[in-house]
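Please look through the structure shown below before reading on. The paragraphs that follow lead you through parts of it step by step.

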Amino acid sequence: MPSNTGESGQLAKVHPRQNLLSRPDHRGNPKPFASNLTRVVLVLADKPGNEDLFIDQYYAAAHHLNCELTLFFNKVDQWDSTAKQTFARWRDTYERIGTQVFEGCAKDASTLRPLQASLADETAIFVGQSGAGKSSMIRQLVIERDIEVGDLTQHGQGAHTTTTARLYPSQDGGSIIDSPGVRDFRLELLEGVDASRSFTEFDQYLDECQFRNCIHLNEPRCGVKSAMAAGKIARSRYASYLSLCTNADC
Ligand SMILES: Nc1nc2c(ncn2[C@@H]2O[C@H](COP(=O)(O)OP(=O)(O)OP(=O)(O)O)[C@@H](O)[C@H]2O)c(=O)[nH]1
Ligand SMILES: [Mg+2]
Ligand SMILES: [Zn+2]
């Protein structure tokens, strides 16, 4: 597995079953460059919009890869009150379903320690929008420091600084993969994924559905919808389920 050997390339494909990341070799054939991915770290930054579905798509992809999704809310130094509210809601939603949630500032290494401790001996890929601060964080967590970070555009958007996926040995054992912040990467991760299976917090309510084959849409006496009405399932998660189900066979 190449590490800080200077090798880099486009991320070609994620093979869910073997859990391999590959990229094209000089002939254009996919060659594995990381296997046994154990963690997907989704980095979200200062001005969160309506990104619940975005998070849940990564949640589904990580679940499909048998990896845990970890959320990192970056740029705390720039949060306004709306950002604080959104991040607090996300923390509540995702901690309740067993997701580790961290927050900090990539420019202050001490704020990254809890995340760093949780990544010891793991192989983690950092994903998220361009400009979220993935490379800035990774610079603080790996041995090699020669990692390019980008200026934001005048509209505060990322400049797609990282163009290729690269794997770096981390300071605490394990490896970290930096990925380009392209929006479509999540779709690539989602290829062939039955996203409906990733809503595992629904499982404990399935016995309360009147129909064994209930898909929790319009059926009467649905345990999942009752649980949502009672505040036991987050409305945003159910909304994502509906969105992801319209594309899937559920
Ligand atoms: N204020 C502040 N700026 C940050 C923080 N983290 C990153 N930045 C800045 O955000 C900009 C983008 O950071 P990058 O690390 O290049 O972002 P990226 O997610 O790797 O972006 P791509 O490679 O384009 O996907 C840079 O100007 C960083 O200095 C932070 O915690 N606080
Ligand atoms: Mg980058
Ligand atoms: Zn149901």
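Two strands are said to pair if DSSP finds at least two bridges between them. With that rule in hand, and keeping in mind that this is a predicted model, we can begin with strand β7, which is joined to β9 by 4 bridges, the two strands running parallel. Within this pairing, Phe126 stands opposite Asp178 in β9. Strand β7 is also joined to β4 by 4 bridges, again in parallel, and here Leu42 stands opposite Val127 in β7.

These pairings belong to a wider arrangement, an open sheet formed by 6 strands in the order β6-β5-β4-β7-β9-β8, with mixed pairing. Because β6 (100-103) and β8 stand at the edges and each has a single partner strand, one side of each is left without a neighbour in the sheet. Neighbouring strands of this sheet are turned against each other by 25° on average, direction ignored. Strands of a sheet pair through backbone hydrogen bonds, either parallel or antiparallel. The antiparallel kind is found between β8 and β9, which are joined by 4 bridges, and in that pair Pro169 stands opposite Ser175 in β9.

Helices accompany the sheet. Helix α2 (residues 81-96) packs on the sheet and touches β5 (68-73) and β6, its direction making about 155° with that of β6. Helix α4, for its part, lies across β4, β7, β8 and β9, and runs at about 155° to β9.

Which parts of these elements are buried? In β7, 5 of the 5 residues are buried, so this strand is largely enclosed by the rest of the structure. In a regular strand the side chains alternate between the two faces of the sheet. In β7, Thr123, Ile125 and Val127 point one way while Ala124 and Phe126 point the other way, and all are buried. Helix α4 (residues 134-141) is likewise largely enclosed by the rest of the structure, because 7 of its 8 residues are buried. Its buried residues are Lys134, Ser135, Ser136, Met137, Ile138, Gln140 and Leu141, and what covers them includes β4 (39-44), α3 (113-118), β7 (123-127), β8 (166-169) and β9 (175-178).

Finally, we can turn to the ligand. Which of the 25 residues around ligand 1 come nearest? They are Gly133, Ser135, Ser136, Thr162 and Gly181, and among them Ser135 and Ser136 are also buried residues of α4. Sorted by class, the shell around ligand 1 has 7 nonpolar, 13 polar and 5 charged residues.

Notes. Residues numbered from 1 in each chain as written. Chains lettered and ligands numbered in written order. Predicted model: local features only at pLDDT ≥ 70, side-chain atom pairs only at ≥ 80, totals over all residues. Near = placed C-beta within 6 Å. Nonpolar A, V, L, I, M, F, W, Y, C, P; charged D, E, K, R; others polar. Buried ≥ 20, exposed ≤ 12 C-beta atoms within 10 Å, placed from the backbone. Contact = placed C-beta atoms within 7 Å. Axes fitted to C-alpha atoms, helices over the stretch in contact; angles between N-to-C directions.
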